[in-house]
Amino acid sequence: MATRPVRPRRFPLLRHDWPFEFGLILFGVITFYPLLFIISTSLKSNTQFYQSFWGPTFPFHFSNYNVAFDRIFRSILNSVVYSSLTIIVVAALASASGFVFARFKFPGKQALFYLFISLMMVPGVLTLAPRFVLVRSLHLLNQPLVLIVPWASSGIVLATWLMRSYFESLPQELFDAAHVDGASDVAVFRLIAVPLARPMIATIAITSLINTWNDLIWPLVTISNREWMPLAQALIQFSSSFETDWGPLFAGYVLASIPLLIVFTFALRQFVSGLTAGALKA
Amino acid sequence: MADLAASEPSELTALPPRKQTSVVRRIIRSRNLYLVLLPALTLLLVFDWYPAASALYNSFYAWNGGKLHKFIGLENYAYMLQDRAFTTSLRNLVFFVGFRVIFQTVFPFIAAELIVNLKNANWAYRWKLIFVIPMVVPYLVMVLIWRFIYSPQMGLLNQILELVGLQSWTHAWLSDPAFAMWAIGFVRFPWLPTLQFLILLGGLQSIPPEVLESSQIDGAGLLRRIRHIDIPMIMGQIKLVVILTAIFMTQRFDLFLVLTDGGPGYATMVPALHLYHSAFNFLEFGYASAIGVVLFIIMLTLTVINLRYVQTEEGV
């Protein structure tokens, strides 16, 4: 899924790459300019910002990062915990369900499967308001569970579909051989299917991570206690309390981007395939 | 542990006359399979199917989310037609979706063309990754960065305009009704939409070299090659990108909520945001549900078009 390296065209029209490189550099500069601007401003005091808007100024004010860190660290931690738990639930339930749908025959299988995948067509805006009424009547408001459980539930749909396709693509002989050797279905699942599906599980994990990390609306309606706010929601408050305190404000933006940057650095391929897989659900 | 299901081998040998009992027996024999599906199924029924059904059902009710719950037939839907916030929001949605679809297809396509024509494969791969990097910025931070870019005094856009001597062009972009919708349309502008970019790049990469070779033998230049080979060959991906962008943008309202909250007036109101306001500011959960149903129908239409005409030709 879009992870292979870019193959060069065998019949290039131009002898040199530089016209294309030039275009790409232009694209790159306008893409990264705002980011560099944010980073350079995050190290300025307000006086420096108003005196010299464009370039970096010395000395750097690293204390901006302390200020921002104190305000948003808790919410970054919250988000890490919420996203991790969601990913674990999604990966566990989706790989088990996907395995069952892919490798067994049982009455009602088609109907049950449609119960899963037809939700791919149900958009979040439709369920937003009734879901809120539901979690309120379950007394879940203002607790971490109110985020994790519905996030997991939404994530399972696409993940089950991906896992089923993956398990279906594995050759039957593999499973037959294991059965001949006396392995139970559970053992086959645990020792053969799941280890083989690791790349797909990674893809699912990244998709869930990006979706939960970026969700603002659901926390906004279900969490009002600052202590439990995830990053996106806390940033809204943060940005209004540091409205014109540019240094700490932008330092906060930079800090907020670091967790995904780390994931991106260590899981390049999965990151790219996770992005692409997300396309399949509306 | 025992086998989850022993039903598989018996499939071929099962005798037709005893079908009635055999279904029951097969269900009993597969009970462990149902048990495995149960947790996921429970979650989906409670947190997805029930709210979806509830939205459909309550769209025919006047409902404040609590005790007040009265059947009013199609009144919610009828009210939409005279609700100026809603009719304006539909018009804004058409503009926003159309605008986003165009530039979120054109720019990634140009970038993908530039990359795919590089002879140096390493650099091509690096460029691809470089354009994915902005994805690490949380969506909300991206929106807040653009709020800064558009801000009237110290905003990057106005500062750039002043720097190049175009003071008269500066505006309070997000609070000027004439510009607010355009400004939101341009949010994230120079950053390539990652998904669309990856899909188009994947398409261009998969064009067989023989086709390119023959076009070169026929003497086609770069622009003719793009027009007569590249674009027709990746029509499937282009359609997919268009449909996906339209589906995403129809339900996206967090950026409107953060940047303008629908204002000034209703200048940047979109249906999903109006739904949000109706439910959570005015406690009109019935009306909000009805708006949700309308959005659902719009997106369902797009999805059906997608499945019927787009994804059959070209998988992701």
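1. Long-range contacts in chain A. Contacts in chain A with a separation of 6 or more come, for 81%, from residues 24 or more positions apart. This is a predicted model, and everything below should be read that way. The corresponding share for chain B, again for contacts with a separation of 6 or more, is 68%.

2. Make-up of chain A. The chain has 13 helices and 0 strands. Its pattern along the sequence is α-α-α-α-α-α-α-α-α-α-α-α-α. Of its 282 residues, 45% are buried.

3. Dimensions of chain A. The C-alpha trace spans about 75 × 65 × 35 Å along the principal axes. The radius of gyration is 24 Å, where a compact globule of 282 residues would be near 19 Å.

4. Make-up of chain B. Here there are 16 helices and 2 strands. Buried residues account for 42% of the 316 residues. The C-alpha atoms take up a box of roughly 85 × 65 × 35 Å along the principal axes. Chain B has a radius of gyration of 26 Å, against a value near 20 Å for a compact globule of 316 residues.

5. The A/B interface. How many residues of each chain are in contact with the other? The count is 80 residues of chain A and 92 residues of chain B. On the chain A side, the largest share comes from helix α1 of chain A (residues 18–41), with 10 residues. By class, that side has 58 nonpolar, 15 polar and 7 charged residues.

6. A helix pair across the interface. Helix α3 of chain A (residues 63–103) packs on helix α3 of chain B (residues 31–58). Their axes are 9 Å apart, at an angle of about 140°. An angle over 145 degrees would count as roughly antiparallel. α3(A) and α3(B) are therefore oblique to each other. The crossing of α3(A) past α3(B) is left-handed.

7. Residues in that pair. From α3(A), the contact uses Leu93(A), Ala96(A), Ser97(A) and Val100(A). From α3(B), the partners are Leu33(B), Val36(B), Leu37(B), Pro39(B) and Ala40(B). The class split for this contact of α3(A) with α3(B) is 8 nonpolar, 1 polar and no charged. A general point helps in reading such lists: an α-helix has 3.6 residues a turn, so residues three or four places apart point the same way.

8. A helix pair inside chain A. Helix α9 (residues 198–214) and helix α13 (residues 268–277) of chain A cross at roughly 70°. Their axes come within 8 Å. Since 65 to 115 degrees counts as roughly perpendicular, that is the label for α9(A) and α13(A). α9(A) passes α13(A) in a right-handed crossing.

9. Residues in the second pair. Ala202(A), Thr203(A), Ile206(A), Thr207(A) and Ile210(A) are the α9(A) side. They meet Gln270(A), Phe271(A), Ser273(A), Gly274(A) and Ala277(A) of α13(A). This contact of α9(A) with α13(A) divides into 5 nonpolar, 5 polar and no charged residues.

10. Helix α11 of chain A. Which residues of this helix (residues 231–241) are buried? They are Leu231(A), Ala232(A), Gln233(A), Ala234(A), Leu235(A) and Phe238(A). Within chain A, the buried residues of α11(A) pack against α3, α9, α10 (217–222) and α12 (246–266). They also pack against α7 (139–150) of chain B. Two of these partners, α3 and α9 of chain A, recur from the pairs above.

11. Backbone check, chain A. Most residues other than glycine have a negative phi. His139(A) has a positive phi, near 60°. His139(A) sits in the loop between α5 (124–137) and α6 (145–169) of chain A. Is His139(A) buried or exposed? His139(A) counts as exposed, because it has 9 C-beta neighbours inside 10 Å.

12. Backbone check, chain B. Leu283(B) also has a positive phi, near 55°. The residue lies in the loop between α15 (271–280) and α16 (285–310) of chain B. With 16 C-beta neighbours inside 10 Å, Leu283(B) counts as partly exposed.

Methods. Residues are numbered from 1 along each chain as its sequence is written. Chains are lettered from A and ligands numbered from 1 in the order in which they are written. This is a predicted model: local features need pLDDT of at least 70, side-chain atom pairs count only at pLDDT 80 or more; totals for chains, interfaces and linings use all residues. Axes are lines fitted to C-alpha atoms, for helices over the stretch in contact, and angles run from 0 to 180 degrees between N-to-C directions. Helices (H or I, at least four residues) and strands (E, at least two) are DSSP runs, numbered from the N terminus. Angles under 35 degrees count as roughly parallel, over 145 as roughly antiparallel, 65 to 115 as roughly perpendicular and the rest as oblique. A crossing is left-handed if the near helix is turned anticlockwise from the far one by less than a right angle, and right-handed if clockwise. Two residues are in contact if their C-beta atoms, placed from the backbone, lie within 7 Å. Ala, Val, Leu, Ile, Met, Phe, Trp, Tyr, Cys and Pro count as nonpolar, Asp, Glu, Lys and Arg as charged, and the others, Gly among them, as polar. The radius of gyration is taken over C-alpha atoms; the globule rule is 2.2 Å times the number of residues to the power 0.38. A residue is buried if 20 or more other C-beta atoms lie within 10 Å of its own, exposed if 12 or fewer, and partly exposed in between; C-beta atoms are placed from the backbone.
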